[in-house]
Amino acid sequence: MTESWTIDGSSDPVTSQVVREALLERIEGGRLETWLTSSSGRLLAFVTNTDRATVSLLDGEGDAGEHAVDREADGSSDGFILANGQHDEYPNEDTVPLEEALKIVRHIVSEGSWPADTSWVVDR
């Protein structure tokens, strides 16, 4: 069975061909946190400050999961606004540039796994 993904509890599956545009529309609308849920119960979290983004893949609720990293990045960035209004700051090493994050999400939605050229760490 192929895994399908929905955005923030929607009943309509999102495909790898349109997930980038869907995320960009949400960002333009001021929604910087997006959760995708797979048909197998996995979760894909995407939070951006419009310059960088966190991308985390979890096996389900309560799982610490895995997240994309930028091992070359220094410093930290703020402006990550969660749906509940919380403002977060992250080390840049724990985020990736927005375009890379969009590529990662598209690949996970398409293939179910991290792209081969992405660095990520296990948080479990």
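**View 1. The surroundings of S77 in the predicted model.** S77 counts as buried because its relative accessibility is 14%, and residues under 20% are placed in that class. In this predicted model, S77 belongs to strand β7, which spans residues 76-81. Leaving aside residues up to four places away in sequence, S77 touches N49, R52, D88, E89, Y90 and N92. One of these partners, N49, lies 28 residues from S77 along the chain, and the C-alpha atoms of N49 and S77 are separated by 8.1 Å.

**View 2. The largest nonpolar core.** This core holds 23 residues, of which W5, L36, L44, F46, V55 and V105 touch the most other members. The elements that give two or more residues to the core are the strands β1 (5-7), β4 (43-48) and β5 (52-58), together with the helices α1 (19-28) and α2 (98-111). Which element provides the largest share of the core? That share, 7 residues, comes from α2.

**View 3. The contacts of W5.** W5, one of the core residues that touch the most other members, is shown here with its partners beyond four places in sequence. Those partners include D12, P13 and V14, then L36, T37 and S38, and also R42, L43 and L44. W5 additionally touches L57, I108 and V109. Two of the partners named here, L36 and L44, are themselves listed with W5 among the residues that touch the most other members of the core.

**View 4. The protein chain as a whole, as context for the close-ups.** The protein chain has 2 helices and 10 strands, and from the N terminus on these elements run β-β-α-β-β-β-β-β-β-β-α-β. With a radius of gyration of 13 Å, close to the 14 Å that the globule rule gives for 124 residues, the protein chain is as compact as a globular protein of that length. Taken along the principal axes, the box filled by the C-alpha atoms is roughly 40 × 30 × 25 Å. Among the contacts with a separation of 6 or more, 56% are made by residues 24 or more positions apart.

**View 5. Burial, surface and charge.** Of the 124 residues in the protein chain, 45% count as buried. The protein chain exposes about 6,600 Å², and carbon and sulfur atoms supply 46% of that area. The protein chain carries 9 positive and 25 negative charges, and the mean positions of these two sets are 4 Å apart.

Definitions and conventions
Residues numbered from 1 in each chain as written. Predicted model: local features only at pLDDT ≥ 70, side-chain atom pairs only at ≥ 80, totals over all residues. Heavy atoms only, no water. Helix = DSSP H or I, 4+ residues; strand = E, 2+ residues; numbered from the N terminus. Rg over C-alpha atoms; globule rule 2.2 N^0.38 Å. Buried < 20%, exposed > 50% of the residue type's maximum accessible area, 1.4 Å probe, protein only. Contact = heavy atoms within 4.5 Å. Areas by Shrake-Rupley, 256 points an atom, 1.4 Å probe, with all protein chains shown as cover. Lys, Arg positive; Asp, Glu negative; His and termini not counted. Charge placed at Lys NZ, Arg CZ, Asp CG, Glu CD. Core = buried A, V, L, I, M, F, W, Y, C linked by side-chain atoms within 4.5 Å.
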